[in-house]
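Please take a moment to look over the sequence and the model together before reading on. The paragraphs below move from one helix to the aromatic rings and then to the charged side chains.

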Amino acid sequence: MKTAHDLVEEAKKTIQEVSLNQADEAIKQADVLLDVRDPDEYRASHIPGATNISRGMLEFKFTNDPALESRDMKIVVYCKTSGRAALSARALKEMGYRHVQSIEGGFDAWEEAGKDVVKPDLPSFD
């Protein structure tokens with residue numbers, strides 16, 4: 001019986017991961033920067049310019065949204081640590097999307113590297 005870890009490791013063998021050093025350029029070249037974390041994670045903070053489509057809704061959203069139908073779109077995907085992103089990148093590849101990359105280490109690695117993040121404005125209690 002396979003575990004979630006096994007599925008992620010298998011997916012990572014079939015997708016293209018970009019390092020943090022390559023991520024900025026990959027994002028600049030991308031048509032879509034895709035955050036596949038849950039909406040509450042996205043609302044807490046995310047990479048600037050990211051669109052949130054949670055892992056559980058990915059295939060449905062890409063199937064039903066005409067803006068996402070071009071299989072030639074350049075897509076960069078990330079999640080918290082890269083597991084959900086790897087599964088998402090593999091799913092998109094299986095759906096025929098040709099240019100999908102995943103950010104190695106995910107949002108946690110991005111944030112730890114001191115890269116820009118969007119955080120909501122917290123209310124002031126002055």
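**A walk through the model**

The model shown here is predicted, and a good place to begin is helix α2, whose buried residues are covered by a set of elements that includes the strands β1 (16-18), β2 (32-35), β4 (74-78) and β5 (99-103) as well as the helix α6 (106-112). Which residues of α2 are buried? Within this helix, which runs over residues 20-29, they are Leu20, Ala23, Ala26 and Ile27. These residues lie on the same side of α2, because the arc that they cover around the axis is only 100°. If you now turn to the face of α2 that points away from this buried side, you will find the exposed residues Asn21 and Lys28 there.

The next step is to look at the aromatic rings. A pair of such rings is described by two values, the distance of the centres and the angle of the planes. How many aromatic pairs does a search of the whole structure find? The search finds two. In one of them, Phe62 and Tyr97 meet edge-to-face, with 5.2 Å from centre to centre and 85° between the planes. Because Phe62 belongs to helix α4 (residues 58-64) while Tyr97 sits in the loop between α5 (83-94) and β5, this pair ties together parts that are 35 residues apart in sequence. Phe62 is buried, with a relative accessible area of 2%, and Tyr97 is buried too, with a relative accessible area of 2%.

The pair of Tyr78 and Phe107 is stacked, because the ring centres are 6.2 Å apart and the planes stand at 25°, and an angle under 30 degrees counts as stacked. This pair links distant parts of the chain, since Tyr78 is in strand β4 and Phe107 is in helix α6, 29 residues apart. Tyr78 has a relative accessible area of 0% and is therefore buried, and Phe107, with 2%, is buried as well. Both of the elements that hold this pair, β4 and α6, were already named among those that cover the buried residues of α2.

Phe107 leads on to the charged side chains. Arg37 lies over the face of Phe107, at 4.4 Å from the ring centre, and Arg37 also forms a salt bridge with Asp35, in which the closest N and O atoms are 2.7 Å apart. Are the two partners of this salt bridge buried or exposed? Arg37 counts as buried because its relative accessibility is 4%, and Asp35 is buried with a relative accessible area of 0%. A charge over a ring is found at Trp110 as well, where the charged end of Lys115 sits 5.1 Å from the centre of the ring.

The count of salt bridges comes to eleven, and the bridge between Arg37 and Asp35 can be set beside others. Glu10 forms a salt bridge with Lys2, and the closest N and O atoms of these two residues are 2.9 Å apart. Here Glu10 is partly exposed, with a relative accessible area of 30%, whereas Lys2 counts as exposed because its relative accessibility is 51% and the limit for that class is over 50%. Another salt bridge joins Lys119 to Glu111, with the closest N and O atoms 3.6 Å apart, and Glu111, at 31% relative accessibility, counts as partly exposed.

How values were computed:
Residues are numbered from 1 along each chain as its sequence is written. This is a predicted model: local features need pLDDT of at least 70, side-chain atom pairs count only at pLDDT 80 or more; totals for chains, interfaces and linings use all residues. Side-chain values use heavy atoms; hydrogens and water are left out. Buried means under 20% relative accessible area, exposed over 50%, partly exposed in between (1.4 Å probe, protein chains only). Helices (H or I, at least four residues) and strands (E, at least two) are DSSP runs, numbered from the N terminus. The arc is that of the directions from the helix axis to the C-beta atoms. Contact means heavy atoms within 4.5 Å. Rings of Phe, Tyr and Trp (its six-membered ring) pair if their centres lie within 6.5 Å; planes under 30 degrees apart count as stacked, over 60 as edge-to-face and the rest as tilted. A charge sits over a ring if NZ of Lys or CZ of Arg is within 6 Å of the ring centre and within 35 degrees of the ring normal. A salt bridge is a side-chain nitrogen of Lys or Arg within 4 Å of a carboxyl oxygen of Asp or Glu.
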